[in-house]
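Q: Could we go through this structure together? I am new to it and would like to start with the overall layout.

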Amino acid sequence: MSILNIVDLNKSFGGLRALSNVNLSIDKASVHAIIGPNGAGKSTLLNCFVGRLEPDTGSVTFDGKSLLGIKPHEINQLGVSRVFQTPEIFGDLTVLDNVMIPGFARRDGAFRINAWNPVRRKGPIAEKAMAMLKDVGLDGKADQVAGQLSRGDKRRLELAMCVVQDPKLLLLDEPTAGMSRADTNKTIELMQTIAKRGVTMVVIEHDMHVVFSLAHKISVLAQGTVIAEDLPEKIKGDPRVQEAYLGGAHL
Ligand code: ADP
Ligand code: MG
């Protein structure tokens, strides 16, 4: 059963057709990877799911509701969380604060500044936030200023900020970009744990090790068009994919 349906999505930037009649159907509780060369339109596609970009035509339906024409925080309230290509954290706040804010937003429908009181650091949201930090291996850095974290740690922090919201759908744009092999492997394990909890994931990823470790299904985007969609083992051997993605080299 699908939870996210994209039908005939088109998006142009001036004369550039970034997405061209994209159709995609994401199965509930699955990990769906989107791969493709740089500039293929992967981030543009994801941005259309979260209210960052308005497609020119087409539909995006999540759990039976249209995600188009509603605000990013309303999409988030429906159970959609995302990790963007560039980490977006509150750099001046502590690591723990960064996870508590989306925790409050999830509970209250919005983050209210008057909820922000050091005493509340002992409540259930603080406890949940600490548990999330433990999951991503950042519990030892809870009191550090988030802006000073390494890039890999920032990405893991963003993941904790998403997971604290108990999302139904998690969108990840290159979650392991810039990470060492060891950090990448830790992130794969973490994503496997999240997937096992039944969270549907759409992952854009360059690293084929990550893709083939996680994905149940893979869509290949090239020049704004889905050129293949299949099981990982089928995608590996697809000559069209090898041609478009790696100029003929083997995946
Ligand atoms: P990918 O994530 O697959 O690398 P993108 O979705 O970022 O690709 O970009 C797809 C195409 O759209 C690229 O040619 C890119 O330069 C262009 N593009 C993306 N965002 C914008 C924008 N805001 N304005 C103009 N062109 C854009
Ligand atoms: Mg991108």
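A: The following exchange goes through the sheets, the helices and the ligand site of this model, which is predicted.

Q: Let us begin with the sheet that has 6 strands. In what order do they come?
A: The order is S6-S7-S8-S3-S9-S10, in an open sheet with mixed pairing.

Q: Which strands are at its edges?
A: The edge strands are S6, residues 80–83, and S10, residues 225–230, and each of them pairs on one side only. On average, neighbouring strands in this sheet are turned by 15 degrees against each other, with direction ignored.

Q: In what sense do S3 and S8 pair, parallel or antiparallel?
A: Strand S3 (residues 31–35) and strand S8 (residues 200–204) pair in the parallel sense, over 4 bridges. Within this pairing, Val31 stands opposite Met201 of S8.

Q: And S9 with S10, parallel or antiparallel?
A: S9 and S10 are paired in the antiparallel sense, over 5 bridges. Val220 stands opposite Ala228 in S10. The two strands form a hairpin with 2 residues between them, and Gln223 in the turn has a positive phi of about 50 degrees.

Q: Now the helices. Which strands does H1 lie across?
A: Helix H1, residues 42–49, lies across S3, S7 (169–173), S8 and S9 (217–222). Its direction is at about 150 degrees to S7.

Q: What about H6: which strands does that helix lie across?
A: Helix H6, residues 181–196, lies across S3, S7 and S8, and runs at about 150 degrees to S8.

Q: How are H5 and H6 arranged, and why call them roughly parallel?
A: The axes of H5 (residues 151–163) and H6 come within 12 Å and cross at roughly 10 degrees. Angles under 35 degrees count as roughly parallel, and H5 and H6 are therefore described that way.

Q: Which residues meet there?
A: From H5, Arg156, Leu159 and Val163 meet Asp183, Thr187, Leu190, Met191 and Ile194 of H6. By class, this contact of H5 with H6 has 5 nonpolar, 1 polar and 2 charged residues.

Q: Changing topic, what surrounds ligand 1?
A: Ligand 1 is surrounded by Phe13, Leu16, Ala18, Pro37, Asn38, Gly39, Ala40, Gly41, Lys42, Ser43 and Thr44.

Q: Which atoms of Ala40, Lys42 and Thr44 lie beside its oxygen atoms?
A: For Ala40, a backbone N or O atom lies 3.1 Å from an oxygen atom of ligand 1. For Lys42, an N or O atom in the side chain is 2.8 Å from an oxygen atom of the ligand. For Thr44, a polar side-chain atom lies 2.5 Å from an oxygen atom of ligand 1.

Q: Finally, the sheet with 4 strands. How is it ordered?
A: This open sheet runs S2-S1-S4-S5, with antiparallel pairing. S2 (16–27) and S5 (65–66) stand at the edges with a single partner strand each, so one side of each is left without a neighbour in the sheet.

Q: Over how many bridges do S1 and S4 pair?
A: Strand S1 (residues 2–13) and strand S4 (residues 57–62) pair over 5 bridges in the antiparallel sense. There, Asn5 stands opposite Thr61 in S4.

Key: Residues are numbered from 1 along each chain as its sequence is written. Chains are lettered from A and ligands numbered from 1 in the order in which they are written. This is a predicted model: local features need pLDDT of at least 70, side-chain atom pairs count only at pLDDT 80 or more; totals for chains, interfaces and linings use all residues. Side-chain values use heavy atoms; hydrogens and water are left out. Two strands pair if DSSP finds at least two bridges between them. Axes are lines fitted to C-alpha atoms, for helices over the stretch in contact, and angles run from 0 to 180 degrees between N-to-C directions. Contact means heavy atoms within 4.5 Å. Angles under 35 degrees count as roughly parallel, over 145 as roughly antiparallel, 65 to 115 as roughly perpendicular and the rest as oblique. Ala, Val, Leu, Ile, Met, Phe, Trp, Tyr, Cys and Pro count as nonpolar, Asp, Glu, Lys and Arg as charged, and the others, Gly among them, as polar. A residue is near a molecule or strand if one of its heavy atoms lies within 4 Å of it. A polar contact is a pair of N or O atoms within 3.5 Å; within protein, one must be able to donate a hydrogen and the other to accept it, and residues adjacent in sequence count only if both atoms are side-chain atoms.
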